[in-house]
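Open your viewer and get ready to click along. We will go from stop to stop, selecting a few residues each time.

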Amino acid sequence: MTNSTTDRLALHGGEKTILAPFKRYNSIGTEEVAAAKEVIESGVLSKFLGCWEPDFYGGPKVQEFERACEAYFGVKHAVTVNSWTSGLIAAVGAIGIEPGDEVIVSPWTMCASATAILHWNAIPVFADIDPLTFCIDPASVEANITPYTKAILAVDIFGQSANMTALMALADKYGLKVISDTAQSPGALSGKKYAGTLAHVGGYSLNYHKHIHTGEGGILVTDDDSIAEKMRMIRNHAEAVVGDRGITDLTNMIGYNFRLGEVECAIGIEQLKKLKHLVGLRQRAAQRFTSGIKDLPGLRLPTVSTGNTHAYYMYPMLLDNELLGVSRAAIIKALEAEGIPGLSAGYQNLHMLPMYQKKMAYGSHGFPWSSDICRREVSYSKGICPIAEALHERSYFAIEMCVHELLDSDVDLMVAAFRKVWAALETLR
Ligand SMILES: *Cc1c(COP(=O)(O)O)cnc(C)c1O
């Protein structure tokens, strides 16, 4: 029936499945407006002072938001920062990374996970990913450990936790620290704990594109008193404060201004209250989508590891190109023509970025790799992460889940579009 007018793909001149744009995802409501207004009317938009006195830790909304995050995520310390990129930099510094130390990181993440390592003149080493969860593969991590390895930066990519049991066991075995980049998985569970809270330090992004946001912002979480205090120091001009504070260990006590303002924290307090509900809506959309397309051949739907829940920042899929006999590009083109928004083919492997290929980060002479703080030749050549590279080149594709509301009726249209394209696969060969 695929040649009848109704079943003809939009790509081939048939009618589009999705005719009107979906409603935009928007986590901000009247509660955030009221909370922001109250702070603005107070005139105190930030209360931080970069010297050793009570305001060193920020104003009332910073305090209130941090205590709310501690209660929510079940951690001893939450430290807010002006972006999660800042949070990652503070975390790497606070665990005591030295110039030239190696930190193992996933190639499938946002670029800041790896640049946070470089910002301390340490060396990112890329380990391969698990082909089903797309998180870093503990076996590949272990294979990449050298005498210079000091930490693992695990990313809870697309909405679920990395294999923290295995990664923390490696950390114990080799004396490493673990940082969780949980920017894409706030509110996802790993066993009874929230993703991000199983590492020595973890945290979440509050940028506009994430499940909850404050425009820009980030939250660091840890149970370690010393790491927490170092992060607070790095957040707020550590070098100016260590003297009065009586701190004698100056390791990485070079500070930044990573402070999050009162308005953002007031918004964050309201956003946090909605996190569970918002993640629940992503899960509802994903589950509805899964039940609608799970019988389609040659299509692997998201794998949620035992004990995990998935927050569905992305809905990641794999195509069996050989079975289908159709290229990923042709399928994506057909799905896009049917009107499915937020499709992406492949995922940027960080080690393939020009900065790593040319090994040029600071200045123009290859620092830090060319300097003697880098104690061995670290490879970023194509081939170091064969699974990540193959999935990027051939089979991986995804739909963004935090760009549109994805009401049941939207999801049903997405299902219809997938089913229509699958019914007409031979016209794409
Ligand atoms: C968004 C994101 C970041 C960066 O967060 P910002 O708040 O934008 O700085 C880091 N890592 C991952 C995995 C992300 O998705």
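The tour below visits a sheet, one of its strands, one buried serine and a helix. Keep in mind that this is a predicted model.

**Stop 1: the sheet.** Start by colouring the strands. You should find an open sheet of 7 strands in the order E1-E9-E8-E5-E4-E2-E3, and its pairing is mixed. Now look at the edges: strand E1 (77-81) and E3 each pair on one side only. From one strand to the next, the twist averages 25°.

Next, add helix H7, residues 225-235, which packs on the sheet. Helix H7 touches E1, strand E5 (177-181), strand E8 (201-205) and strand E9 (218-222), and its direction makes about 15° with that of E1.

**Stop 2: strand E2.** Select residues 102-105 and show their side chains. Which way do they point? Glu 102 and Ile 104 point one way from E2, while Val 103 and Val 105 point the other way. All of these residues are buried.

Now bring in the neighbours. Strand E3 (residues 123-126) runs parallel to E2 and is joined to E2 by 4 bridges. Look for Val 103, which stands opposite Pro 124 in E3. To see how the chain gets across, follow the path from E2 through helix H4 (residues 112-118) to E3: this β-α-β crossover is right-handed.

Then select strand E4, residues 149-155. E4 also runs parallel to E2, with 4 bridges between them. Two partners to pick out in E4 are Leu 153, paired with Val 105, and Ile 152, paired with Ile 104.

**Stop 3: Ser 205.** Move to strand E8 and click on Ser 205. Why does Ser 205 count as buried? Its relative accessibility is 6%, and buried means under 20%. A polar atom of the Ser 205 side chain lies 3.1 Å from the backbone nitrogen of Asn 207. Leaving aside neighbours within four places in sequence, the contacts of Ser 205 include Trp 84, Ala 183 and Lys 210.

**Stop 4: helix H14.** Finally, select residues 408-423. Helix H14 has 16 residues and reaches 22 Å from its first C-alpha to its last, close to the 22 Å expected at 1.5 Å a residue. Among its buried residues are Val 411, Met 414, Val 415, Phe 418 and Trp 422. An α-helix has 3.6 residues a turn, so residues three or four places apart point the same way.

What do the buried residues of H14 pack against? Their partners include helix H9 (262-293), strand E11 (314-319) and strand E13 (396-400).

Definitions and conventions
Residues are numbered from 1 along each chain as its sequence is written. This is a predicted model: local features need pLDDT of at least 70, side-chain atom pairs count only at pLDDT 80 or more; totals for chains, interfaces and linings use all residues. Side-chain values use heavy atoms; hydrogens and water are left out. Buried means under 20% relative accessible area, exposed over 50%, partly exposed in between (1.4 Å probe, protein chains only). Helices (H or I, at least four residues) and strands (E, at least two) are DSSP runs, numbered from the N terminus. Two strands pair if DSSP finds at least two bridges between them. A crossover is right-handed if, with the strands pointing away from the viewer, the path from the first strand over the helix to the second runs clockwise. The expected span of a helix is 1.5 Å times one less than its number of residues. Contact means heavy atoms within 4.5 Å. Axes are lines fitted to C-alpha atoms, for helices over the stretch in contact, and angles run from 0 to 180 degrees between N-to-C directions. A polar contact is a pair of N or O atoms within 3.5 Å; within protein, one must be able to donate a hydrogen and the other to accept it, and residues adjacent in sequence count only if both atoms are side-chain atoms.
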